[in-house]
Amino acid sequence: MSEEKLKEIVFWAGASGTQYKYYVANTERLVGMAGNFIWVDGAGRPVYIGEFGNLQQAFEPAVVQPAKAAGATALHLHNNLSGREARAREQADLVAKWAPVCNLRGK
């Protein structure tokens, strides 16, 4: 990801107290990057928190449609190359604190 495409930095705290560094994305050109994502609504609340081996998947209809229906207006990204287990732990930590509507559906 180029710095010019990801300028704004946001820190999200998990239930554990861990602070995760995210960038506000203004591009859909993320092919091949592994990491975590947070779709955020206009009030700055997370509506969908996830992880993928390829962040481009954050733009797939199965993710975008429920996020947009829940009011998502921005995407925050954390490039996380520590592996699937680390990404899943980060996702679970953030979901435990923020309880995003899209993550809680079907539970």
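Helices here are DSSP runs of H or I at least four residues long, and they are numbered from the N terminus. By that rule, Glu 90 is found in helix α2. We will come back to Glu 90 after walking through the fold. Keep in mind that this is a predicted model.

Start with the whole chain. The protein chain has three helices and five strands. Along the sequence they follow the pattern β-β-β-β-α-β-α-α. The chain has 107 residues, and 46% of them count as buried. Look next at contacts between residues at least 6 apart in sequence. Of these, 59% join residues at least 24 apart. The accessible surface comes to about 5800 Å², and carbon and sulfur atoms hold 50% of that area.

Now the sheet. The five strands form an open sheet in the order β1-β2-β5-β3-β4, and the pairing is antiparallel. Two strands sit at the edges, β1 (9-13) and β4 (46-52), and each pairs on one side only. From one strand to the next, the twist averages 30°. Strands of a sheet pair through backbone hydrogen bonds, either parallel or antiparallel.

Take the β1 edge and move inward. β1 and β2 run antiparallel and are joined by five bridges. One residue pair to find is Trp 12 with its bridge partner in β2, Tyr 20. The hairpin of β1 and β2 has five residues between the strands. Within this hairpin, Gly 17 takes a positive phi near 95°.

On its other side, β2 (residues 19-25) pairs with β5 (residues 72-79), again in the antiparallel sense, over three bridges. Val 24 has His 76 in β5 as its bridge partner. Tyr 23 stands opposite Leu 77 in β5. Is β2 enclosed or open to its surroundings? Five of its seven residues are buried, so β2 is largely enclosed by the rest of the structure. In a regular strand the side chains alternate between the two faces of the sheet.

Next, the nonpolar cores. The largest one has 17 residues. Which of them touch the most other members? They are Phe 37, Trp 39, Tyr 48 and Leu 75. Four elements give two or more residues to this core: β3, β4, α1 (61-69) and β5. Another core lies apart from it. That one has ten residues, including Trp 12, Tyr 20, Ile 38 and Ile 49. Trp 12 and Tyr 20 are also the bridge partners met above.

Tyr 48 deserves a closer look. Leaving out residues up to four places away in sequence, Tyr 48 touches Phe 37, Ile 38, Trp 39, Val 63, Pro 66, Ala 67, Pro 100, Cys 102 and Asn 103. Val 64 is another residue to pick out, and it lies in helix α1. At 17% relative accessibility, Val 64 falls under the 20% cut-off, so it counts as buried. Its contacts, again without residues up to four places away in sequence, are Trp 39, Ala 58 and Phe 59. Val 64 and Tyr 48 are 16 residues apart along the chain, and their C-alpha atoms are separated by 9.2 Å.

Helix α2 (residues 84-98) brings us back to the opening residue. α2 lies across β1, β2, β3 (35-41), β4 and β5, and it runs at about 170° to β4. The helix has 15 residues and reaches 21 Å from its first C-alpha to its last, close to the 21 Å expected at 1.5 Å a residue. Its buried residues are Ala 86, Arg 87, Glu 90, Asp 93, Leu 94 and Val 95. An α-helix has 3.6 residues a turn, so residues three or four places apart point the same way. The buried residues of α2 pack against β1, β2, β3, β4, β5 and α3 (101-104). After the helix comes Ala 99, with a positive phi near 45°.

How buried or exposed is Glu 90? Its relative accessible area is 3%, so Glu 90 is buried. Residues up to four places away aside, Glu 90 touches Tyr 20, Tyr 22, Asn 36, His 78 and Asn 80. Glu 90 and Gly 50 are 40 residues apart in sequence, yet 9.0 Å apart in space, C-alpha to C-alpha.

Key:
Residues are numbered from 1 along each chain as its sequence is written. This is a predicted model: local features need pLDDT of at least 70, side-chain atom pairs count only at pLDDT 80 or more; totals for chains, interfaces and linings use all residues. Side-chain values use heavy atoms; hydrogens and water are left out. Two strands pair if DSSP finds at least two bridges between them. Axes are lines fitted to C-alpha atoms, for helices over the stretch in contact, and angles run from 0 to 180 degrees between N-to-C directions. Contact means heavy atoms within 4.5 Å. A nonpolar core is a set of buried Ala, Val, Leu, Ile, Met, Phe, Trp, Tyr and Cys residues joined through side-chain atoms within 4.5 Å. Buried means under 20% relative accessible area, exposed over 50%, partly exposed in between (1.4 Å probe, protein chains only). Accessible areas come from the Shrake-Rupley method with a 1.4 Å probe; for residues, only the protein chains shown count as cover. The expected span of a helix is 1.5 Å times one less than its number of residues.
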